[in-house]
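Look at the chain and the ligand it holds. The paragraphs below go from the residues around the ligand outward to the domains.

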Amino acid sequence: MFDDIQKLEEQAVQAINKAMDLDTLRKIETEYTGKKGSITLLLKGLGKMAPEERKAAGMACNNAKQAVLSASEFRKNEITENEIKKQLDAPGFDPTLPSIPVKQMSGNFHPVSTISFSVEKVFEKLGFKIPDYFEVESEWFNFEALNIPGDHPARDMQDTFWLKNGSLLRTHTSPGQARAMKEFKPPFRAIFPGRVFRYERTDASHEHTFHQVEGLMIDKNLSVSNLIAIMKLLLEAIFEQEITIRLRPGYFPFVEPGFELDIQCMTCGGSGCPVCKHSGWVELLPCGLVHPEVLKAGGLDPDEWTGWAFGLGLTRLAMMKYKINHITHFMSGDLRFLSQFKAGGAR
Ligand code: PHE
């Protein structure tokens, strides 16, 4: 028995020392110490021995196993070192070349992330929850629950990517409205930022994938003035200056009344320039009071609860804040574009 163990160990170590690559090494290890390896089988056979011999034989087996494993570990290091040495000696490899400066390698947040974080910061302080909802949505949450039935012309406002199983890629962050109403006990306030998708032709200001943040507040007796106050607070925090806003009527089936919120042009201060097409105002975001049908879809009684909602285009906001003229830069992955936005979003 002891001779067998000794022989196995010698054989294994010899094979290991001859191994030239890690694959072979792994195979040898398994052959001797794996589940069905020859040393393992010896160990398993110990049960048949007389108790007084068993202990010594067991120890010998275990020692042999350890010896094989450490020989293998040693050889592994040798092989790896040889590999590295071979690469270093290869013609054309110059280990003295300077590396890429750390400064150039360090990453930074994507401008849309930076804008999203600053919006989140404002709302977090006001007690808003920030749930993360789904990019793949059901037709019900994306349309029906928002008072947009199948034959409603408003479906044409947003061309949709449909999936084979009948789900869709959300065309806006608004499906989160009914989800939040079902998730949180009223009164509550929440924002949900995220990616949205539209089956659209792309140009300087349209992209099939972009970012929005939805805001939703549910309480008793909420009014438009409440919405205006919060919007002003948000925009002044983002643009870090005083902002003048105005509301125009706007149509969305899920708000009543619905508005388009404009801000006074920050480039000309309202006197008219090419940025605001000489109107003095720039359209920024749609908003309104939550439609009773949407409250019902979210399981709330419209006689008891009221709400307001807004949908802010984060990508557009980033374009305005950083004066970016073409939306496709955002998803280009071009480091020359991305590395302009260092921490904090300042250019
Ligand atoms: N979901 C609308 C869109 O993407 C925006 C919106 C949100 C309008 C909330 C009103 C209220 O076009």
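Which element gives the most residues to the shell around the ligand? Strand S8 does, with 3 residues. Strands here are DSSP runs of E with at least two residues, numbered from the N terminus. This is a predicted model, in which local features need pLDDT of at least 70 and side-chain atom pairs count only at pLDDT 80 or more, while totals for chains, interfaces and linings use all residues. Residues are numbered from 1 along each chain as its sequence is written, and side-chain values use heavy atoms, without hydrogens and water.

The ligand is surrounded by 14 residues (each with a heavy atom within 4 Å of it), and the closest are His172, Ser174, Arg198, Gln212 and Gly311. By type, the shell holds 7 nonpolar, 5 polar and 2 charged residues; Gly counts as polar in this division.

Three side chains have an N or O atom paired with the ligand at polar-contact distance (N or O atoms within 3.5 Å). His172 lies 2.9 Å from a ligand nitrogen. Arg198 is 3.0 Å from a ligand oxygen, and for Gln212 the distance to a ligand oxygen is 3.0 Å. Taken alone, the ligand exposes 330 Å² (Shrake-Rupley method, 1.4 Å probe), and the protein buries 94% of that. The elements giving two or more residues to the shell are strands S4 (209–219), S7 (281–290) and S8 (306–313).

On the scale of the whole chain, an automatic or database assignment gives domain 1 (2–89) and domain 2 (112–338). Their C-alpha centres lie 65 Å apart.

Terms used:
Polar contact = N/O pair within 3.5 Å; in protein donor to acceptor, adjacent residues only side chain to side chain. Helix = DSSP H or I, 4+ residues; strand = E, 2+ residues; numbered from the N terminus.
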